[in-house]
Amino acid sequence: MIVAVLVFLAMAAETARSARNERAQRARGGVEPAGDVYNMMRLAYPAAFVAMIAEGAARGGPSRAWLIAGAILFVAAKALKWWAIAALGDCWTFRVIVVPGARLVTSGPYRLLRHPNYVAVVGELVAVALMSGAVVAGPLAAIGFGLLIVKRIAVEDRALEDAARAHGRRC
C-alpha cells in the first residue's frame, strides 16, 4: 500500500505541474505535433502501476532485498525526472508541445542524455516492479510502455527538428 501511495502522490504532483505548464506553453503559441501516443500513454502509465501493485499484493510482496533495491531505484529515477523537469521549466509537460522560436534545453541532465525524462520513467517502472514483486506485470509494463516511449521519442524529435528548421531555435 505504501508503494501505491508513493507512486500515485508523485503522479498527482506531476499531473498538476504538467497541466500548468501545458497552459503556459499553449499561451505562448505552443503546438502539438500529429502522431503522438499521448492518449495511449495517459492510460497505460497509471494502468502499469496498478497492475504491478495488484500483482505484488496477490503474490504477497517482494523479498526485503528486492523492496530495498526497488526503493533505491525509485528515488534515483524520481531524482532524475525532477532534475529534467527543473531543467525544462515550463517546457515540461506530459504532452509534446513545441513553442515556435523557443530554444532547445541543453542544461541539467540534458547535457548528458538526450531524453532523461524517459530514462527516469523506465526506471520508475522497473523500480515499482521490484518494490511490488511483480514478476509478470513488471516486465510486461516496462516493455509495453518502453515501446510507447520509443514512438514518443520519434514524434518529439521530429517536432523539435521541424521547429528548429522553421525558427532556428527550439524548446
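Reader: In which loop is the place of Leu-112?

Author: This is a predicted model. Two helices flank the residue, α3 (64–88) and α4 (116–132). The place of Leu-112 is in the loop between α3 and α4.

Reader: Is Leu-112 buried or exposed?

Author: A residue counts as exposed when its relative accessible area is over 50%. Leu-112 is therefore exposed, as its relative accessible area is 64%.

Reader: Which residues make the nonpolar surface patch of about 390 Å²?

Author: Leu-112, the exposed loop residue, is one of the members of this patch. The full set is Trp-83, Leu-112, Leu-113 and Val-119.

Reader: How many of the 17 residues of α4 are buried?

Author: From its first C-alpha to its last, α4 reaches 24 Å, close to the 24 Å expected at 1.5 Å a residue. Buried here means under 20% relative accessible area. The helix is mostly covered, and the number of buried residues is 13.

Reader: What residue follows α4, and what is the sign of its phi?

Author: The phi of this residue is near 75°. The sign is positive, and the residue is Gly-133.

Reader: Which element gives the most to the lining of the largest cavity?

Author: The count comes to one cavity of 30 Å³ or more, and about 30 Å³ of space lies in the largest cavity. Its lining consists of Val-7, Ala-10, Met-11, Tyr-45, Phe-49, Phe-74, Lys-78 and Glu-124. Two or more of the lining residues come from each of α1 (2–27), α2 (38–59) and α3. With three residues, the element that gives the most is α1.

Note on methods: Residues are numbered from 1 along each chain as its sequence is written. This is a predicted model: local features need pLDDT of at least 70, side-chain atom pairs count only at pLDDT 80 or more; totals for chains, interfaces and linings use all residues. Side-chain values use heavy atoms; hydrogens and water are left out. Patches are made of residues with over 30% relative accessible area and no salt bridge: like charges are joined within 9 Å, nonpolar side chains (Val, Leu, Ile, Met, Phe, Trp, Tyr) within 5 Å. Accessible areas come from the Shrake-Rupley method with a 1.4 Å probe; for residues, only the protein chains shown count as cover. A salt bridge is a side-chain nitrogen of Lys or Arg within 4 Å of a carboxyl oxygen of Asp or Glu. Helices (H or I, at least four residues) and strands (E, at least two) are DSSP runs, numbered from the N terminus. Buried means under 20% relative accessible area, exposed over 50%, partly exposed in between (1.4 Å probe, protein chains only). The expected span of a helix is 1.5 Å times one less than its number of residues. On a 1 Å grid over the protein atoms alone, a cavity is a set of points where a 1.4 Å probe fits but cannot get out, and a pocket is an open set with protein on both sides within 12 Å along at least five of seven lines; lining residues have an atom within 4 Å of a point. Grid points are joined across faces, edges and corners, and a volume is the space filled by probe spheres set on the points.
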